[in-house]
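Colleague: I am new to this structure and would like a close look at a single part of it, namely its aromatic side chains. Please take me through that part with care, and then set it in its surroundings.

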Amino acid sequence: MAEAENGQERTEQASGKKRSEARNKGQVARSKELSTVLVLLAGGGGFLFMGDDLVAGLMQAMRDGLVIDRASVFDPGAMPRLFGEAVVSALWNIMPLFVLLVIAAVAAPMAMGGWSFSLHPIQPDLKKMDPIKGIKRVFSWKGLVELLKALAKFCLVGGVGYLLLQAKLEGFLTLGEQPLEQGIASLGNDLIWIFFLLSSALIVVALVDVPFQLWDFARQQKMTRQEVKDEHKETDGNPEVKGKIRRAQLEMAQRRMMEAVPKADVVVTNPTHYAVALRYDQDKMGAPIVVALGADEVAGHIRRIALANDVPILSAPPLARALYFSTKLNDEIPAGLYLAVAQVLAYIFQLRNYSKEGGAEPKFNPDLPIPDELRRG
């Protein structure tokens, strides 16, 4: 059962955000058994394939270091130089094995949790020094699992070691009958194989420990329902704050829209429920555009601004509804309404000329050609 926190059980899988934060803190699934097995197998395999060259190189370094000519014996600066040469020669001989062990040590953790570098685990934390929590960890179920793993390793290594000794016992007893150099070589070869086989026995422990560590890490990363809700609020934003932001954005958009009404050529109304302000510049625009639109209170506000700025207001309910439901702010009107809007604009331009020059007052024909697919209500 998942651990409880603040009375809530951790029942929800870790979110991507929590997994990312855990990785940044160096918290990833790791198996010490897998790392141990890979390093031991790499060492044993390296000795099996490179052991002869390694021993030969070290023996040659010892000969070079122990065979000193008479002039070097009486030279005070010769000893440090010879010692340095011996150290460099020894390091050069063991370098391939050292590189193999480093690769194994790096590959083991990357095989489970991938690459993760963080200084967070080594930062001072007084909670880690709490003796009460330390005792709880020792006697926890995880401590029991570690004890069972230690017993399993002891039994496996002990059992395999016993069988190998039984198989090699006769050969060990006959080593004394062999020449010294041959006996040492035979013993070294047997010991390397025994080491490699003992290390291979630990593969069984690693095969059990890797799935357990993956499961245990996923269990520790689980979240309570409240944590999931809090994270969603933090990620998506508090609904109240988002509501205030939306209202502020809406007010700003309406303010900009109302500022465009005085530049409109005409405001087409329902006459009370809808209002759409149109503007057309034949030199710059391909079709009239909607500079403001709204319903009810917003429509009333558009009409008041239009009246205050001498923008013509034309009552054409079918066209007003068609424009309101088929257009968006600052978009061109649909092609199906070109003819109807053209008649409206022609009437407005005639009305302006009448106001300036007089003559016969133009008449507006309310029967505008509006396609059936654009009609509303």
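**Aromatic rings and their surroundings**

Modeller: Phe325 is partly exposed, its relative accessible area being 42%, and this value, like every other one here, comes from a predicted model. The ring of Phe325 forms an aromatic pair with that of Tyr324, an edge-to-face arrangement in which the centres are 5.1 Å apart and the planes stand at 90°. Tyr324 has a relative accessible area of 25% and is therefore partly exposed, because the buried class is kept for values under 20%. These two residues do not stand alone, since Tyr274 joins Tyr324 and Phe325 in one aromatic cluster.

The structure holds five aromatic pairs. One of them joins Trp193 and Phe196, whose ring centres lie 6.2 Å apart and whose planes make an angle of 85°, so this pair is edge-to-face, given that planes over 60 degrees apart are counted in that way. Both residues belong to helix H7, which covers residues 180-201, and because they are three residues apart in it, about one helical turn separates them. As for their surroundings, Trp193 is partly exposed at 40% relative accessibility, and Phe196 is also partly exposed, with a value of 23%.

From H7 it is natural to pass to H8, since the axes of H7 and H8 come within 4 Å and cross at roughly 25°. Angles under 35 degrees count as roughly parallel, and H7 and H8 are therefore roughly parallel to each other. On the side of H7 the contact is made by Ser199, Ser200 and Ala201, while on the side of H8 it is made by Ile203, Val204 and Val205. Sorted by character, the residues of this contact between H7 and H8 comprise four nonpolar and two polar ones, with no charged residue.

Helix H8, which runs over residues 203-220, also contains a tryptophan, Trp215. At 48% relative accessibility Trp215 is partly exposed, because that value falls below the 50% that an exposed residue must pass. Although Trp215 and Ala29 are 186 residues apart along the chain, their C-alpha atoms are separated by 8.9 Å.

To return to the region of Tyr274, strand E4 covers residues 274-279, and the loop between it and strand E5 (289-295) is where Pro288 is placed. Pro288 is buried, with a relative accessible area of 10%. Leaving aside residues up to four places away in sequence, Pro288 touches Arg279 and Tyr280, and also Asp331, Glu332, Ile333, Val341 and Leu345. The C-alpha atom of Pro288 is separated by 9.6 Å from that of Asn330, a residue 42 places away along the chain.

Beyond E5 comes the loop that leads to helix H11 (297-308), and Asp296 lies in that loop. Most residues other than glycine have a negative phi. Asp296, however, has a positive phi of about 55° although it is not a glycine, and with 48% relative accessibility it counts as partly exposed. Asp310, placed in the loop between H11 and strand E6 (313-315), is likewise a residue other than glycine with a positive phi, here near 60°. Asp310 is exposed, with a relative accessible area of 71%.

Another proline, Pro369, has its place in the segment after helix H13 (338-357). It is partly exposed at 30% relative accessibility. Residues up to four places away in sequence again being set aside, Pro369 touches Gly336, Leu339, Ala340 and Gln343. Of these, Gly336 is 33 residues from Pro369 along the chain, and the C-alpha atoms of the two are separated by 9.0 Å.

It remains to set these parts within the whole protein, which has 13 helices and six strands. Of its 377 residues, 28% are buried, and the protein exposes about 25000 Å², of which carbon and sulfur atoms supply 62%. Among contacts with a separation of 6 or more, 74% are between residues 24 or more positions apart.

Terms used:
Residues numbered from 1 in each chain as written. Predicted model: local features only at pLDDT ≥ 70, side-chain atom pairs only at ≥ 80, totals over all residues. Heavy atoms only, no water. Helix = DSSP H or I, 4+ residues; strand = E, 2+ residues; numbered from the N terminus. Buried < 20%, exposed > 50% of the residue type's maximum accessible area, 1.4 Å probe, protein only. Phe/Tyr/Trp six-rings, centres within 6.5 Å; stacked < 30°, edge-to-face > 60°. Axes fitted to C-alpha atoms, helices over the stretch in contact; angles between N-to-C directions. Parallel < 35°, antiparallel > 145°, perpendicular 65-115°, else oblique. Contact = heavy atoms within 4.5 Å. Nonpolar A, V, L, I, M, F, W, Y, C, P; charged D, E, K, R; others polar. Areas by Shrake-Rupley, 256 points an atom, 1.4 Å probe, with all protein chains shown as cover.
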